[in-house]
Amino acid sequence: MASYHDLLDAIARVRSVTGDPDAWKKGLTGEDVTTALNPASPPAAFGAILAKVTAAHPEAFPTLQTHAGHWM
């Protein structure tokens, strides 16, 4: 299960790789963004949002892919 800190780390990584401070929001709903910005949100919600962020930005998370390009 992902923590709020895990999600913040992923957001920072996407921002760094893309150079766009809002790139992490790609593919997220307004509710997802609101949840991501609330540290009191349930940890399960952080995990779901983290999965969306990493899937939307494979360039920022290359170690999550196998050699065949499939997610691990």
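Leaving aside neighbours within four places in sequence, with which residues is Ser 41 in contact? The partners of Ser 41 are Thr 35 and Phe 46, where contact means heavy atoms within 4.5 Å. We will come back to this loop residue after a look at the whole chain.

**Ground rules and overview**

What you see is a predicted model, in which local features need pLDDT of at least 70 and side-chain atom pairs count only at pLDDT 80 or more, while totals for chains, interfaces and linings use all residues. Residues are numbered from 1 along each chain as its sequence is written, and side-chain values use heavy atoms, with hydrogens and water left out.

The chain has three helices and zero strands, and its pattern along the sequence reads α-α-α. Helices (H or I, at least four residues) and strands (E, at least two) are DSSP runs, numbered from the N terminus. The average pLDDT, the predictor's confidence in each residue from 0 to 100, is 89 for the chain, and 88% of the residues score at least 70. Confidence is highest in α2, at a mean of 97, and lowest in α3, at 94.

Of the 72 residues, 31% count as buried. Here buried means under 20% relative accessible area, exposed over 50%, and partly exposed in between (1.4 Å probe, protein chains only). About 4400 Å² of the chain is exposed, with carbon and sulfur atoms supplying 60% of that area; accessible areas come from the Shrake-Rupley method with a 1.4 Å probe, and for residues only the protein chains shown count as cover. Among contacts with a separation of 6 or more, 53% join residues 24 or more positions apart.

**Two helices with a buried face**

Let us begin with α1, which covers residues 4-18. Its 15 residues should span 21 Å at 1.5 Å a residue, and the end C-alpha atoms agree, being 21 Å apart; the expected span is 1.5 Å times one less than the number of residues. Leu 7, Ala 10, Ile 11 and Val 14 are the buried residues mentioned for this helix. Seen down the axis of α1, its buried residues fall within an arc of 100 degrees, so they line one face of the helix. The arc is taken from the directions from the helix axis to the C-beta atoms. An α-helix has 3.6 residues a turn, so residues three or four places apart point the same way. On the face of α1 turned away from the buried side sit the exposed residues His 5 and Ser 16. The buried residues of α1 pack against α2 (30-36) and α3 (43-56). Just after α1, Gly 19 adopts a positive phi of about 75 degrees.

Helix α3 passes a similar length check: its 14 residues should span 20 Å, and its end C-alpha atoms are 20 Å apart. Its buried residues are Phe 46, Ile 49, Leu 50, Val 53, Thr 54 and Ala 56. Viewed down the axis of α3, they fall within an arc of 160 degrees, so they line one face of the helix. They pack against α1 and α2.

**The core**

The largest nonpolar core has 16 residues, of which Leu 7, Val 14, Trp 24, Leu 28 and Ile 49 touch the most other members. Such a core is a set of buried Ala, Val, Leu, Ile, Met, Phe, Trp, Tyr and Cys residues joined through side-chain atoms within 4.5 Å. Each of α1, α2 and α3 supplies at least two residues of this core. Beyond its neighbours within four places in sequence, Ile 49 is in contact with Leu 7, Leu 28, Asp 32, Thr 35 and Ala 36.

**Four residues up close**

| Residue | Location | Relative accessible area |
|---|---|---|
| Thr 35 | helix α2 | 19%, buried |
| Ser 41 | loop between α2 and α3 | 11%, buried |
| His 57 | segment after α3 | 4%, buried |
| Glu 59 | segment after α3 | 43%, partly exposed |

For the contacts that follow, residues up to four places away in sequence are not counted. Thr 35 touches Ser 41, Ala 45, Phe 46 and Ile 49. The C-alpha atoms of Thr 35 and Ala 45, ten residues apart along the chain, are separated by 7.3 Å.

His 57 touches Val 14, Thr 18, Ala 23, Trp 24 and Lys 26. Glu 59 touches Val 17 and Thr 18. Glu 59 and Val 17 lie 42 residues apart in sequence, with 7.7 Å between their C-alpha atoms.
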